[in-house]
Number of protein chains: 4
Amino acid sequence: MPEEMDLVELRRQFHQYPEPGWCEFLTTVSIVEELERLGVDEIHVGPDALETTERLGVPDEEELSQWFEKAKSETDRMDILTHIEGGNTGAVAVVDRGEGPTIGLRVDIDALPIEESRDSKHTPAAKGFRSNNVGFMHACGHDAHITFGLGTLRAVLESDFSGTFKVFFQPSEELLGGGKPMAAGPHIDDVEYLIGAHIGLDYPTGTVVAGLDGALALSRFDIIFEGESAHAGFAPNDGRNAVQALVTAANDMYGIPRHKEGSTRVNVGNIHSENPANVIAHRATANAEVRGESTELMEYMRDAVYRCLNSAADLHECTVEASLIGESIRQDCDEELVSLVSDVAESIDSTSTVLRRDNLGASEDVTYLLKAVVENGGKGTYIGIGGSNPSGHHTPTFDIDEESLSIGVSVLSQTALELLS
Amino acid sequence: MPEEMDLVELRRQFHQYPEPGWCEFLTTVSIVEELERLGVDEIHVGPDALETTERLGVPDEEELSQWFEKAKSETDRMDILTHIEGGNTGAVAVVDRGEGPTIGLRVDIDALPIEESRDSKHTPAAKGFRSNNVGFMHACGHDAHITFGLGTLRAVLESDFSGTFKVFFQPSEELLGGGKPMAAGPHIDDVEYLIGAHIGLDYPTGTVVAGLDGALALSRFDIIFEGESAHAGFAPNDGRNAVQALVTAANDMYGIPRHKEGSTRVNVGNIHSENPANVIAHRATANAEVRGESTELMEYMRDAVYRCLNSAADLHECTVEASLIGESIRQDCDEELVSLVSDVAESIDSTSTVLRRDNLGASEDVTYLLKAVVENGGKGTYIGIGGSNPSGHHTPTFDIDEESLSIGVSVLSQTALELLS
Amino acid sequence: MPEEMDLVELRRQFHQYPEPGWCEFLTTVSIVEELERLGVDEIHVGPDALETTERLGVPDEEELSQWFEKAKSETDRMDILTHIEGGNTGAVAVVDRGEGPTIGLRVDIDALPIEESRDSKHTPAAKGFRSNNVGFMHACGHDAHITFGLGTLRAVLESDFSGTFKVFFQPSEELLGGGKPMAAGPHIDDVEYLIGAHIGLDYPTGTVVAGLDGALALSRFDIIFEGESAHAGFAPNDGRNAVQALVTAANDMYGIPRHKEGSTRVNVGNIHSENPANVIAHRATANAEVRGESTELMEYMRDAVYRCLNSAADLHECTVEASLIGESIRQDCDEELVSLVSDVAESIDSTSTVLRRDNLGASEDVTYLLKAVVENGGKGTYIGIGGSNPSGHHTPTFDIDEESLSIGVSVLSQTALELLS
Amino acid sequence: MPEEMDLVELRRQFHQYPEPGWCEFLTTVSIVEELERLGVDEIHVGPDALETTERLGVPDEEELSQWFEKAKSETDRMDILTHIEGGNTGAVAVVDRGEGPTIGLRVDIDALPIEESRDSKHTPAAKGFRSNNVGFMHACGHDAHITFGLGTLRAVLESDFSGTFKVFFQPSEELLGGGKPMAAGPHIDDVEYLIGAHIGLDYPTGTVVAGLDGALALSRFDIIFEGESAHAGFAPNDGRNAVQALVTAANDMYGIPRHKEGSTRVNVGNIHSENPANVIAHRATANAEVRGESTELMEYMRDAVYRCLNSAADLHECTVEASLIGESIRQDCDEELVSLVSDVAESIDSTSTVLRRDNLGASEDVTYLLKAVVENGGKGTYIGIGGSNPSGHHTPTFDIDEESLSIGVSVLSQTALELLS
């Protein structure tokens, strides 16, 4: 089977089984099966792949269980499933060829809660590989990223090199929940060069960006205020007003002082309370996020948010619980590695335009892995692989030009091999 | 058929078809049919019974239509249904016996969105007259109130008197939406004495309260802030933040100055926005209410709430829409009429305890009718008819002692006849 | 010397030396000298008269010292001055005639920071007994109250009775600072009947009100937020913003929930910060008060204010200090005692109108003494003695009809003697 | 007289008569007298020098009048004083030598409300040229700037050139009040190259910075809320609470949304209200400022502040008046001109270090003049002239190394002559 076809087929297979963060049960099984087929030396999954206690935004038992049961109905690899039950998805593949540097490639594997288009102009619908999971879709190209990971592994395996090559199949990137635990896991410490990659991003097929960075660091919370209900007419003071606590906190959050070091952000969303107005609310919930031009600025805002929440709870005699559901830091690309990737990309026939650097608009938790490598004295970069997308990321008609799959694999594998030589 | 049995049967019939405010289509038809059976002189329904434009809290087209279709499937009285379509429920019955005073009796006819208990200890379940409308229930005794209205009419019709007797079958009391339009309708102006009545209220069977009043005046709103969404990270200033506008307004509402004339209340409930935190909210909604020891205090708070809403909208460049969905005023009972009712109740064998006055905890829009009568120089009172209720009002196991039906009819009809003599 | 003249002379003497709360040094000396002249059994001053540690709103050292030096320049009674130095003003006189009840009379002795009028229509100016202390004035009739105390003592001493009579000359009523320590002092415990009195209050000469009460309980604070300054342009986050903390707290204070038990009040005044806008404020101060229909409601508000202050300080990483500077509670008059005073007043020729009860608009800390007596099983009332005042209390032209001095002494002494007989 | 001595003497003369913004009456007279001595072609003062209606932060009549009277007592040049009465200080000198470019030099002339040190280590105190105006001081080197202006004029006049040379002696820079009206005045339109200069700034003598810029644009307000007072206990609702309006506005101001284009700032200072807590405040005042990385960001914040003020006033039924008291925009230095100044500075013997560019920390209203020139197609730069200052700007011991006076004149005059050649 010619290589091109194989990558396309792989991508289409994963496209049909999109699973959200920490629920990538079937996805993980399929990845492991492909790794086994490739004859990879070591395959680590679940708690062996990442630091379980650092996971953020893990869904509740019920949601985990629904996706787990669904996966069980599609595969009989209970040996793998048992290991990743309870939201311990993701995998790390290791190929060890003795003395030499350790190179890592990180790809993300989760999907989005978006109902995929059935429009006949939407290729996955027209060609019959549309999502099988109602209400979920690979609308950000992570199906292509998994393919990058597997394709690059195969290309590296087929080459002669000395050193170690690792691929991190990271779960839960969309909610910024998986980067931190993977960076805290057992496989990053010896990585000297780490590369990550994203497809699309409105770059046309053939364009490669050797270093994408500059996104604001970000922290997201789920917030629950709990007080005590009372009749708003008869006994307003008998209640402890969770709505009033929430509006106080939200108000205070927008007023967190600006910081001398640069831009910050704060926003509150998803405010909810069920009490009719004649009841003092016993419960009110919200979702909030803060951002900063640097990790430190994000942390400054995050600390201030906690003060806002606690002081509002104290004021209104409520309790407050804030769960961190996602976080990314700021870690920019290494200039030397950017140069190397740039040179490699220039040397590949199928690329048409090579940009050294560009601004990555969105937050990305690959930054945790990049930072871990840098702290150990290594280098890292996050590469953009153009792939003409007919509509924007996170939309029901998102798709990528499948030509870009082999371009990506070429850039990534040749970069890895360059570093391994 | 002995009278007692008849009242019980009537009540059970209405109990089985509970309909919420402005959706009392079948209820209105059934009342009209009973009135026809009794040979009442004039029957007014729909726009002929109340001032349509003053209705508050009318449900949307879809909800009205569902209840209307349901009613159509149960009765063929399209002559009545056509007249009350679109939420124009309720009726006024008039018996004119020439020269003499005009006496009015007001009863309310709507039900609540509560799923009735199926427990075998719950009499309606045990005896087979439980609600036929899933999720709805006569959980506040308005089925008994309709029975009071019809039973009193029959008793008055069977008596000899000179003057006019009217019964106001008022829709939508639970949401305080029907009192105002009925008071603004064409039938209240000549009423010299108005009596209203409520069953239960935790008074045991045999107890009568000649004057129930003192509830805080109340005003309820639905609030919608609309702004413009934007990415909270990339372009927070491009949005117009509906959540921030709402929390500003809510905060300001709790800070409305206290008033020298007495107690006031304010509360916000049901806050909602759908935006995740990474989107500046384009829409946020809430429900709010204000109360006051007097109508003026309620109006003071209501005006202040409008200022809070408008200034918050101006501040955050949003629009705000506040729909009044219910309102009640304060109107206390007339001392002379309280004495008369008290004397009548004392004279009836089946009553055991007669209280002259007590505090009506909850808001009630009978106050609009009482006030209209008082402004025309008349008098009014709101009577409590004890009816041992095994569980509280507005609970799934609420029920009333059916012995109280004939007691209520006796008190109300003898009071009316006393005034008509 | 005829009695009438004597009272007038006494009042005029005290009128010329007005001293503010806790600075009534010369006033206390003059009272003690009068008590010595009358031959009172026991005279207690300073720490012997009240519980020093409970004093509220004591001025700073500098202000105390200025008034103390002034007093020293007017009298050589260093024996008394030494005892009351440091703001330990006030006195208690005791006359013990053996077996029998213990009756207490409370009068207040402090003046106001008001510059007295020099208008020739203002009697004190015209007759040469205007204030000698620039910027201070007996503008609320406490000069008359001292006279009531001394005149009543004389009248009682001249009578035959059995039991004990005490007069409490209370300092610092205007700022509500002296009632609490006097009620906590050693002389109130055995008092069975306590009477207080106020002159004027817009009642004409000849009117007596046997029971004045109903004022809201009140608590007043001085508030200091301290943070850290920083340049608002270069490094806003380096500061800890005391102005932002104060506005947060003030905002929160206006939003303290209404209470089911009745009316409450809250207000913020005297906000100050010295920082120009380009400096993050390191300090901001304010003055605040809360009131309630009952002592409990005042305490509910006071506790909530502390929560507002502490949570705002926590939020903005500032410290906050709130000093209670004055407080009064609610204690209504005893019905039996009101009847007795009423009867006594009716029996006196010089009274023309006797009201049993009326509403005392302003807060008064006589309530602490009344409450202490009631808690010990005793009874108390606060009496209004009409005294046609040409202009309102607390104005530069306030004055009282001196005819009312002897009326007051008659009512108070005859009430006391009635209770002592 | 050797040049060096002359500049030093000039500077010391101006140092002794510091006057604050818009009160530089004697300063303006002295400048005009020097200009007359130099034989300048045209001298424009008062309304002829700048656009009177654009002045910001003009003191009130009383303050203006005090400084005017002081000036009258020191000079008999009523011809000049009459022209600049009412805060119309400042001057523009024009030297026209026919065909050729028009070059402008801007220097500022106002002093600060700081009491100058009397320490013997403070040179002006030691050498007898300390401030004669109690409480005011040239603590930012504007005395040197005036000297730069006059010295440069003399140097240019003594040279051979063709074209026009103008010096703008700008009043009221410290409060950012004079730049806007001077830029709106009649003398800027034909200027092709504008240079401004500042001494000190912690650069040592001999250092020159060819382009100082990057300061945040800034806008400052005085804010007055007016409502209506009422007794906080008896009738809180009768008031219109100016303190509550101010704290609402301040709270809202800190919550103005962050902007995608860059950093912004907001701060509130100088909050004041005189009401004790028992009075609903009828008046509350504050001072506020906003800043932005660009003029547009400052304007975004300024517009938002107006919304905060107006909506808070509407909410609490108060009026609000916001007077703009100072404003600066962002205008960076022209690269070409920076190069030219750099080259000139390098060529001068007395300079030791030449920096092309550095960040000007503080806001400066020279930006208005720079922008006016740029908008007319011209170029501008703001030059730093090092002058070892023993203590920081705006401190009582601020001083400058007088060696720097001739360095500054050399740099400025040679730059001007370079442009004029």
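1. Two strands pair if DSSP finds at least two bridges between them, and that's the sense I use for β9(A) and β11(A): these two run antiparallel, joined by seven bridges. Helices (H or I, at least four residues) and strands (E, at least two) are DSSP runs, numbered from the N terminus.

2. Some housekeeping before going on. This is a predicted model, in which local features need pLDDT of at least 70 and side-chain atom pairs count only at pLDDT 80 or more, while totals for chains, interfaces and linings use all residues. Residues are numbered from 1 along each chain as its sequence is written, and chains are lettered from A and ligands numbered from 1 in the order in which they are written.

3. Back to β9(A). Thr264(A) has Gly292(A) of β11(A) as its bridge partner. Seven of the nine residues of β9(A) are buried (20 or more other C-beta atoms, placed from the backbone, within 10 Å of the residue's own), so have a look at how the strand is mostly covered.

4. Those strands turn up again where chains A and B meet. Counting residues as in contact if their C-beta atoms, placed from the backbone, lie within 7 Å, chain A puts in 35 residues and chain B 35. On chain A's side, α8 (242–254), β9 (264–272), β10 (279–280) and β11 (283–292) supply at least two residues each. That side breaks down into 17 nonpolar, 13 polar and five charged residues. Here Ala, Val, Leu, Ile, Met, Phe, Trp, Tyr, Cys and Pro count as nonpolar, Asp, Glu, Lys and Arg as charged, and the others, Gly among them, as polar.

5. On symmetry, chain A superposes on chain B with an RMSD of 0.1 Å after a rotation of 180° and 0.2 Å of shift along the axis; the fit is by least squares on the C-alpha atoms of residues with pLDDT of at least 70 in both copies. The copies meet through the same surface, because 100% of the interface residues of chain A are also interface residues in chain B.

6. Chain D can be laid on chain B too, by a turn of 180° and a shift of 0.0 Å along the axis, at an RMSD of 0.1 Å. The two copies are therefore related as by a two-fold rotation axis. Ser311(D) is the residue of chain D that comes closest to that axis, at 2.4 Å (C-alpha).

7. Finally, the domains of chain A. The assignment, automatic or from a database, gives domain 1 (3–215 + 330–420) and domain 2 (217–328). Their centres, taken over C-alpha atoms, are 34 Å apart. Twelve residues of domain 1 are in contact with ten of domain 2.

How values were computed:
Two residues are in contact if their C-beta atoms, placed from the backbone, lie within 7 Å. A residue is buried if 20 or more other C-beta atoms lie within 10 Å of its own, exposed if 12 or fewer, and partly exposed in between; C-beta atoms are placed from the backbone.
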